[in-house]
Amino acid sequence: MVCSELTEQALAQWVPSCSLRVPVEQLAAGQAGFRDVLGHEQSPGHVREHNQLRGWSSDETEWNENLYPVWKRGDGRWKNSWEGGRVQAVLTSDSPALVGSNITFVVNLVFPRCQKEDADGNIIYEKNCRNDLGFTSDRSVYNWTAGAEGGDWEGGTGQSQHLAFPDGKPFPRPHGWKKWSFVYVFHTLGQYFQKLGRCSARVSVNTVNMTLGHQVMEVTVFRRHGRAYIPIAQVKDVYVITDQIPIFVTMSQKNNRNSSAGTFLRDLPIVFDVLIHDPSHFLNDSAISYKWNFGDNTGLFVSNNHTSPPTSPASPTLPTPSPSLSYNSMKLSDISSENCQINRYGYFRATLTIVEGIVEVSIIQIADVPMPMPQPDNSLKDFIVTCKGATPTEVCTIISDPTCQVAQNRVCSSVALDELCPLSVRRAFNGSGTYCVNFTLGDDTSLALTSALISIPDKDPVSPLRMANGALISIGCLAVFVTMVTILLYKKLPWEDGQRQKPECFPQPCKSPVLPRKPGEGSTAAEQARNAL
């Protein structure tokens with residue numbers, strides 16, 4: 001398992017530069033020095049000259065092999081240096097570092113599977129964790145707290161000689177120091193730094209006296225083993241010290257699919273953003289200016305803003321933006337009482353490829369799609385979408401809720417080779433309500449989008465039951481109409497000899513047969529009305 005790093009106060013403030021010259025021959029025959037144990041940077045007998053780093057010591061110092069045994073690479077004892085497997089050390093740094101700033105190195109220990117460090121600094125097995133041997137038990141891998149309580153780490157004069165670093169310097173004893181069971185030895189530029197810690201160690205050092213260029217940091221980690229310390233891991237990493245301000249420039253453009261590859265779209269602005277790599281905040285009090293040359297004959301642009309003004313490439317040429325950065329007016333009060341001005345510069349250069357792409361997309365018309373049999377839960381809409389720039393090869397539609405946050409449906413379709421903008425896109429909506437419709441048109445190099453809110457009204461379709469009721473009502477109305485017409489016609493039939501003629505005889509007289517007159521039937525208007533009923 002990987003443990004979390006411990007946060008401690010950064011080391012090494014700036015000190016006046018000096019040289020440290022140590023001949024290899026000063027060590028007695030047979031004595032091992034830190035350089036012999038930690039690394040082999042140069043051949044024996046070579047007189048090396050390095051600027052001294054505050055808190056660091058020459059690697060020609062004698063190494064205590066009795067307390068810290070030396071194992072060469074390939075020694076079989078490495079396999080048994082840790083119970084349950086091998087421990088790995090991971091070394092990282094915030095390199096590159098501008099000379100004069102602080103650079104920080106962090107070492108994290110990676111324990112074998114199912115092992116971790118507890119709050120007391122002991123190494124224990126995780127509960128219910130399966131490793132190569134099966135489920136782990138609740139016992140500890142290394143219970144160093146018990147050893148400390150038993151007197152191994154007590155502070156008697158004659159009993160604490162093992163509480164020391166490889167060069168014999170005693171351990172620091174801040175609060176909780178007994179929980180620190182690992183010794184880290186950092187080695188670079190012919191010097192070393194010792195640190196007592198837990199499963200993580202952090203070291204910061206000022207770079208004002210460091211040699212420019214690529215350097216190597218080596219770290220060896222030891223663990224407690226009774227009254228001695230045995231090595232469990234070694235690791236090294238390359239870091240960079242530079243006199244140029246480390247900068248990174250991000251380039252972005254709307255609708256662009258390939259900006260990371262240096263390909264940009266014509267007639268659309270490009271935004272350049274300068275990121276200064278300054279993790280130790282060395283440049284916080286500096287006056288910084290930015291100079292831009294976009295290589296398109298627009299001249300030099302100077303600004304105090306780390307973001308460039310939007311620049312639109314209007315031609316398919318290859319502009320080469322070259323932002324440069326400088327700082328000055330920095331006070332170094334540790335050097336002298338007078339102000340000291342130092343100028344530093346950082347540079348960035350890139351080549352851009354300008355291509356045609358989809359620049360703009362808009363919806364110009366929305367129309368209903370007539371349907372012979374309307375469906376209450378399905379509405380079709382035709383969208384007329386226009387575009388500017390290259391012809392899209394694909395159109396995608398995302399239908400979402402009115403906030404455009406929750407997608408409900410996504411449909412993509414290819415655009416025919418002979419189809420040009422404007423495009424007609426038909427989409428279905430399930431039910432009434434308000435929807436957010438997002439159209440995305442794309443090709444190999446660009447991706448343009450537009451959105452619109454659309455309201456689908458609530459439909460009131462004619463259901464089968466309502467159709468049946470309507471038919472019944474219509475038929476009933478027709479029957480009443482026919483009856484009334486018949487009555488009116490019947491009332492107009494002529495009388496002859498007290499009898500009403502048959503309808504088929506009207507308007508000509510019909511002699512036979514005759515209809516008998518109903519009892520009490522009269523010829524007055526009131527009687528005719530009663531008879532009509």
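Start by selecting Thr440 and showing its surroundings: leaving aside its neighbours within four places in sequence, Thr440 is in contact with Glu394, Val395, Cys396, Leu447, Ala448 and Leu449. Keep in mind as you go that this is a predicted model.

**Stop 1: around Thr440**

Thr440 sits in strand S30, which covers residues 433–442. Is this threonine buried or exposed? Thr440 has a relative accessible area of 15%, and since buried means under 20%, Thr440 counts as buried. Now show side chains and pick out Asn438: its side chain and that of Thr440 are joined by a polar contact of 3.0 Å.

**Stop 2: from Cys396 to its partner**

One of the contacts of Thr440 is Cys396, so select that cysteine next. Which residue does Cys396 bond to? Cys396 forms a disulfide with Cys412, and the two sulfur atoms are 2.0 Å apart. Look along the S-S bond: the torsion is about 115°, so this disulfide is right-handed. Cys396 belongs to strand S27 (residues 394–400) and Cys412 to strand S28, so the link ties together parts that are 16 residues apart in sequence. With the surface switched on, compare the two ends. Cys396 is buried at 8% relative accessibility, while Cys412, at 32%, is partly exposed.

**Stop 3: Cys387 and Cys421**

Select Cys387 and Cys421 next, which are joined by a disulfide with an S to S distance of 1.7 Å. The link is right-handed, with 95° about the S-S bond. Cys387 lies in strand S26 (residues 379–389), and Cys421 lies in the loop between strand S28 (407–414) and strand S29 (423–429), so the pair connects parts that are 34 residues apart in sequence. Cys387 is buried, its relative accessible area being 17%. Cys421 is partly exposed, at 25%.

**Stop 4: the disulfide of Cys114 and Cys129**

By sulfur-to-sulfur distance, the model has four disulfides in total. For another of them, go to Cys114 and Cys129, where the S to S distance is 2.1 Å. What is the handedness here? The torsion about the S-S bond is about -75°, so this disulfide is left-handed. Cys114 is in the loop between S6 and S7, and Cys129 is in the loop between S8 and strand S9 (130–131), so the bond ties together parts that are 15 residues apart in sequence. Both cysteines are buried.

**Stop 5: a three-stranded sheet**

Stay with S7 and S8 and bring in S11. These three strands make an open sheet in the order S7-S8-S11, with antiparallel pairing. Why does one side of S7 and of S11 lack a neighbour in the sheet? Strand S7 (115–117) and S11 are at the edges with a single partner strand each, so one side of each is left free of a sheet neighbour. From one strand to the next, the twist averages 35°. Zoom in on S7 and S8, which pair antiparallel over three bridges. Here Lys116 stands opposite Ile124 in S8.

**Stop 6: the largest nonpolar core**

Now colour the nonpolar residues. The largest nonpolar core has 38 residues, and those that touch the most other members are Trp82, Leu109, Phe182, Tyr184, Phe186 and Val219. Among the elements that give two or more residues to this core are strand S6 (102–110), strand S8 (123–125), strand S12 (182–188) and strand S15 (213–225). Which strand supplies the largest share? That is S16, with five residues.

Centre the view on Phe186. Not counting residues up to four places away in sequence, Phe186 touches Trp56, Phe105, Val107, Gln191, Tyr192, Phe193, Ala201, Val203, Met217, Glu218 and Val219. Apart from this core lies another, of 19 residues, which includes Cys387, Ile399, Phe429 and Val437. You have already met Cys387, in its disulfide with Cys421.

**Stop 7: the two faces of S17**

Finish on strand S17 (residues 247–253). In a regular strand the side chains alternate between the two faces of the sheet. Which residues of S17 are on the covered face? They are Ile247, Val249, Met251 and Gln253, whereas Phe248, Thr250 and Ser252 are on the uncovered one. Add strand S19 (residues 270–276), which runs antiparallel to S17 and is joined to it by seven bridges. For a last selection, show Ile247 with Ile276, its bridge partner in S19.

Key
Residues numbered from 1 in each chain as written. Predicted model: local features only at pLDDT ≥ 70, side-chain atom pairs only at ≥ 80, totals over all residues. Heavy atoms only, no water. Core = buried A, V, L, I, M, F, W, Y, C linked by side-chain atoms within 4.5 Å. Buried < 20%, exposed > 50% of the residue type's maximum accessible area, 1.4 Å probe, protein only. Helix = DSSP H or I, 4+ residues; strand = E, 2+ residues; numbered from the N terminus. Contact = heavy atoms within 4.5 Å. Pairing = 2+ DSSP bridges. Axes fitted to C-alpha atoms, helices over the stretch in contact; angles between N-to-C directions. Disulfide = S-S within 2.5 Å. Polar contact = N/O pair within 3.5 Å; in protein donor to acceptor, adjacent residues only side chain to side chain.
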